[in-house]
Amino acid sequence: MSDLEQFRQETRAWLEENCPPSMRTPMPEDETCWGGRNAVYKNPDSKVWLDNMASRGWTAPMWPKEYGGGGLNKDENKILQQELGRIRARPALSSFGIWMLGPALLEFASEEQKKHYLPPIVRGEIRWCQGYSEPGAGSDLAGLQTKAEDMGDHYLVNGSKIWTSYANFADWIFCLVRTNPQAPKHEGISFLLFDMTSPGVTTKPIQLISGSSPFCETFFDNVKVPKENLVGELNKGWTIAKALLQHERTMIAGMGSGPGGGGGSGLRSPSVVAKKYAGEADGRIADPALRDSIAAHNMNSRAFGLTVQRTTDEAKAGAPPGPASSMFKYYGTEQNKRKYELLLQAMGTQALGWEDSTFEEHELSITREWLRSKANSIEGGTSEVQLNIIAKRVLGLPE
Amino acid sequence: MALVLNEDQQQLKDAAHAFIQDKSPVSALRKLRDEKNPDGFDRALWQEMVELGWPGIIIPEEYGGSEFGYTGLGVVLQEMGRTLTASPIMSTVLIGASAYMLGASEVRKKAMLPEIAAGKKIVALALEEGPRHAPYNIATRGGPSVDGYRISGEKTFVLDGQVADELIVVARESGEPGDRDGLTLFLVDANAAGVKITPTRMADSRNAANITFNGASASGDKIIGEKKKGADVLDAILDRARIGLAAEMLGAIEVAFETTVEYLKTRQQFGRPIGSFQGLAHRAAEMFCEVELSKSVVLDALSAIDDNRDDIAQAASLAKARLNDTFHLISCEMLQMHGGIGMTDEADIGFYMKRARVAAATFGDSAFHRDRYATLEGY
Ligand SMILES: Cc1cc2nc3c(=O)[nH]c(=O)nc-3n(C[C@H](O)[C@H](O)[C@H](O)COP(=O)(O)OP(=O)(O)OC[C@H]3O[C@@H](n4cnc5c(N)ncnc54)[C@H](O)[C@@H]3O)c2cc1C
Ligand SMILES: Cc1cc2nc3c(=O)[nH]c(=O)nc-3n(C[C@H](O)[C@H](O)[C@H](O)COP(=O)(O)OP(=O)(O)OC[C@H]3O[C@@H](n4cnc5c(N)ncnc54)[C@H](O)[C@@H]3O)c2cc1C
């Protein structure tokens with residue numbers, strides 16, 4: 001038996017034993033496990049599942065073991081993901097630390113910082129938020145104004161951030177700050193980490209159109225930050241910021257491909273939903289125009305999934321990593337938005353309920369998810385910004 | 001299989017690239033058009049392709065081929081697509097050899113495949129009877145007679161029909177046009193009595209033919225696939241044709257896109273290169289995404305055939321529909337973004353746009369393939 005086959009069998013057996021049965025059922029949004037100091041576990045199995053996975057480092061399977069990760073290579077990780085998919089396991093941990101900050105720290109942080117910050121991320125003990133956007137600095141992120149002054153033994157941070165997802169629940173923030181106001185805008189930015197319980201940090205939740213409130217205004221009023229919390233060199237934070245954005249984009253883009261390339265499974269699959277709500281005729285979706293739109297959409301999802309796979313295969317074959325993350329971010333998020341438009345089209349008024357027992361729970365959540373999906377092409381850099389990046393950096397079109 | 005070319009395939013692609021760029025630039029197609037070449041391709045060039053072994057790429061070694069697989073043929077077609085090269089590879093190899101490999105008796109394979117591999121025979125598929133691809137919409141009759149079968153009916157848009165030595169004729173033994181059952185694929189000598197071939201000239205400067213069968217004789221054992229169950233093998237043949245054609249279209253798309261991006265960088269208006277205008281730059285970036293997705297579906301579909309996967313049909317419909325749409329988009333944008341120049345015959349742009357339209361109408365337009373894909377996926 002090959003090493004990989006053995007790994008698969010061991011993984012399968014371990015998951016069989018360590019993934020609680022309730023963690024193999026579809027996950028309601030309010031049972032998403034974000035970890036953190038103040039985590040509340042509506043379903044206690046979520047905590048068990050998190051701890052089991054964290055004990056193997058499998059919440060961050062490809063991070064080095066010395067920082068608490070799983071130490072898996074690409075092939076092993078693929079197997080782990082396949083085995084998790086096979087039993088329909090819920091994600092043990094959803095975490096900005098794992099998706100965004102960790103990869104950036106692995107690349108740019110000092111050895112001490114890695115040892116200090118990474119293991120608690122893997123274990124889901126510290127929940128992070130992202131302090132990038134400001135009222136005056138969205139797409140033009142490098143125009144940010146929140147400043148950190150060198151006070152000798154610490155930095156003093158003043159300013160405000162906006163759209164900070166889950167800032168009100170987060171334990172720590174990774175924050176872009178201006179440390180040299182005189183320098184050209186990309187050259188005066190630094191990458192700072194600090195505790196959200198520091199004196200002077202306040203958050204104010206903002207309500208989204210979907211009715212929930214996952215993001216905040218975040219204010220810094222004379223916040224003292226220890227100097228060792230600076231990542232990388234002073235005024236060189238933009239490089240880190242950009243690298244982190246690539247991880248963020250890849251993560252957001254993943255929402256567009258969906259299992260099996262169909263752009264959503266079960267009650268999120270447009271074809272399944274259309275049959276249920278628009279009816280069937282001879283095994284086909286009864287409304288031919290809707291059927292045609294769904295086929296077009298699903299074919300694009302499959303093509304997109306194949307492109308993600310091709311890029312991975314090319315990387316394995318040694319091709320230099322392309323500027324693929326912008327294409328994936330753009331196409332994947334637009335695709336996810338289209339999926340929800342199709343679901344709404346198929347479900348008619350049943351997808352337009354707000355809060356009523358005449359609607360099924362999944363119907364009410366599709367309404368909310370549809371609204372939430374609209375943010376996909378804004379957060380992490382808008383679609384237009386991605387197109388700019390492709391035009392300039394990939395195609396080399398002139399300024 | 002991984003979605004990357006292996007070393008052998010990459011070498012073949014590089015060699016094909018060098019050959020085509022040297023021997024068959026777009027000006028070669030222009031020349032065929034201007035001199036109203038009756039064959040629709042350059043026989044001397046075809047002979048050189050034969051010497052390179054291209055007709056034998058998919059044919060197993062035991063029948064005189066090099067057994068390089070459909071991915072191998074696909075990269076050659078892609079390179080030919082870059083310059084819109086016309087050749088009988090589509091009709092004779094992609095379709096003809098596939099038909100023999102999929103559905104001929106051992107005796108017939110032994111007789112014909114080496115001939116194809118050696119470039120000695122040209123084979124054409126006589127399928128369509130109307131202006132829109134409809135593979136079961138067959139009224140042409142194949143009925144028994146004293147000495148075998150007699151075929152009567154009218155076929156249109158037979159690619160390379162005007163130069164073929166042998167025709168694969170889709171005829172109906174039973175049922176009505178539209179029925180999947182009752183079709184048989186007869187092998188008919190193109191010079192046989194009762195076969196009347198009328199060449200047609202298409203907008204893309206390639207040739208096809210209308211063919212009338214007036215009691216042409218055929219034999220019950222010179223067939224592809226099973227009698228009255230011909231649709232099974234026909235679908236499999238058509239899927240290979242669609243996938244190969246998609247590979248060819250990919251090559252053309254790549255050139256159309258590269259040329260356009262280059263023009264955006266060089267053409268100056270308002271004192272700036274026009275590629276600096278976001279109204280054009282964003283469209284170019286969107287086209288880039290469509291091209292990348294197109295590359296993936298073509299590679300996947302080619303390897304679906306080589307790996308004998310059970311979703312070849314889905315992969316074929318996915319590839320054909322996507323490449324139709326992308327080629328259409330990019331050839332139209334190529335023209336628009338070139339401004340007045342794009343409208344001139346002197347530029348090659350029109351050739352790409354015309355080819356895009358003809359290729360899209362060949363073996364199923366996008367609506368056809370979306371419908372088919374949905375049916376295959378069970379909705
Ligand atoms: C749900 C959600 C969660 C978020 N979470 C976080 C978070 O946790 N942390 C964080 O820091 N930020 C977060 N953001 C903020 C997000 O990164 C910004 O909203 C985004 O970068 C866009 O900035 P903006 O909202 O200021 O829009 P603007 O930049 O003002 O853009 C307005 C419009 O102009 C377009 N535009 C701008 N510049 C150009 C250009 N050069 N060319 C063409 N079009 C252009 C944009 O595409 C957009 O359509 C979140 C946003 C959302 C919606
Ligand atoms: C059939 C035909 C008949 C014609 N007849 C006449 C005639 O009788 N008399 C005459 O004087 N002219 C005539 N013209 C010329 C016609 O007016 C020009 O072709 C047209 O103005 C475009 O200019 P151009 O071809 O130089 O393209 P360009 O200006 O080079 O444009 C190339 C591309 O760049 C785009 N572009 C240019 N600037 C911008 C910008 N700022 N922002 C975004 N996109 C931009 C264009 O939209 C186009 O897609 C004719 C053209 C045609 C095709």
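Visitor: How far does a backbone N or O atom of B:G340 lie from an oxygen atom of ligand 2?

Guide: The distance is 2.7 Å. That fits the idea of a polar contact (a pair of N or O atoms within 3.5 Å; within protein, one must be able to donate a hydrogen and the other to accept it, and residues adjacent in sequence count only if both atoms are side-chain atoms). Before we go on: this is a predicted model, where local features need pLDDT of at least 70, side-chain atom pairs count only at pLDDT 80 or more, and totals for chains, interfaces and linings use all residues. Residues are numbered from 1 along each chain as its sequence is written, chains are lettered from A and ligands numbered from 1 in the order in which they are written, and side-chain values use heavy atoms, with hydrogens and water left out.

Visitor: What else touches the oxygens of ligand 2?

Guide: A backbone N or O atom of B:Q336 lies 2.7 Å from an oxygen atom of ligand 2. With B:R267 it's the side chain that does the job: one of its N or O atoms is 2.6 Å from a ligand 2 oxygen. For the surroundings, we list residues that are near, with a heavy atom within 4 Å of the molecule. Around ligand 2 they include B:F270, B:I274, B:F277, B:L280 and B:M343.

Visitor: Which chains surround ligand 1?

Guide: Chains A and B do, so the site is shared between chains. Of the 18 residues around ligand 1, A:S133, A:S139, A:W163, A:T382 and A:E384 come nearest. On the chain A side, a backbone N or O atom of A:Y132 lies 2.9 Å from an oxygen atom of the ligand, and a side-chain N or O atom of A:N388 is 3.2 Å from one of its nitrogens. From chain B, a polar side-chain atom of B:Q278 lies 2.9 Å from a nitrogen atom of ligand 1.

Visitor: How do I read the interface between the two chains?

Guide: The size of an interface is often given as the accessible area lost when the parts come together. Buried area here is found with a 1.4 Å probe and summed over both parts. Between chain A and chain B it is about 3,300 Å², of which carbon and sulfur atoms give 65%. In chain A, A:M299, A:R302 and A:R310 lose the most area to chain B, together 21% of what that side buries. You can count residues as well: 36 of chain A are in contact (heavy atoms within 4.5 Å) with 44 of chain B.

Visitor: How many salt bridges are there between chain A and chain B?

Guide: Five. A salt bridge is a side-chain nitrogen of Lys or Arg within 4 Å of a carboxyl oxygen of Asp or Glu. A:D292 and B:R370 make one such pair, at 2.8 Å from N to O. Polar contacts link 19 residue pairs across this interface, counting pairs with both residues at pLDDT 80 or more.

Visitor: Which elements of chain A give two or more residues to the side that touches chain B?

Guide: Helices (H or I, at least four residues) and strands (E, at least two) are DSSP runs, numbered from the N terminus. Here the elements are α7 (270–278), β10 (284–285), α8 (288–316), α9 (324–347) and α11 (383–394) of chain A. α8(A) gives the most, with 17 residues.

Visitor: What about domains inside one chain?

Guide: Their bounds come from an automatic or database domain assignment. Chain B gets domain 1 (7–120), domain 2 (124–228) and domain 3 (231–376). The centres of domain 2 and domain 3 of chain B, taken over C-alpha atoms, are 30 Å apart. Those two domains bury about 1,600 Å² between them, with carbon and sulfur atoms giving 67%. On the domain 2 side, B:H133, B:R180 and B:D204 supply 33% of the area buried against domain 3, more than any other three residues. B:R180 also pairs with B:D232 in a salt bridge, 2.9 Å from N to O. The count between these domains is five salt bridges.

Visitor: Where does B:E67 lie?

Guide: In the loop between α3 (43–51) and α4 (69–82) of chain B. Look at its backbone: phi of B:E67 is near 55°, a positive value in a residue other than glycine. B:K228 has a positive phi too, about 65°, and is not a glycine. You'll find B:K228 in the loop between β8 (223–224) and α7 (230–266) of chain B.
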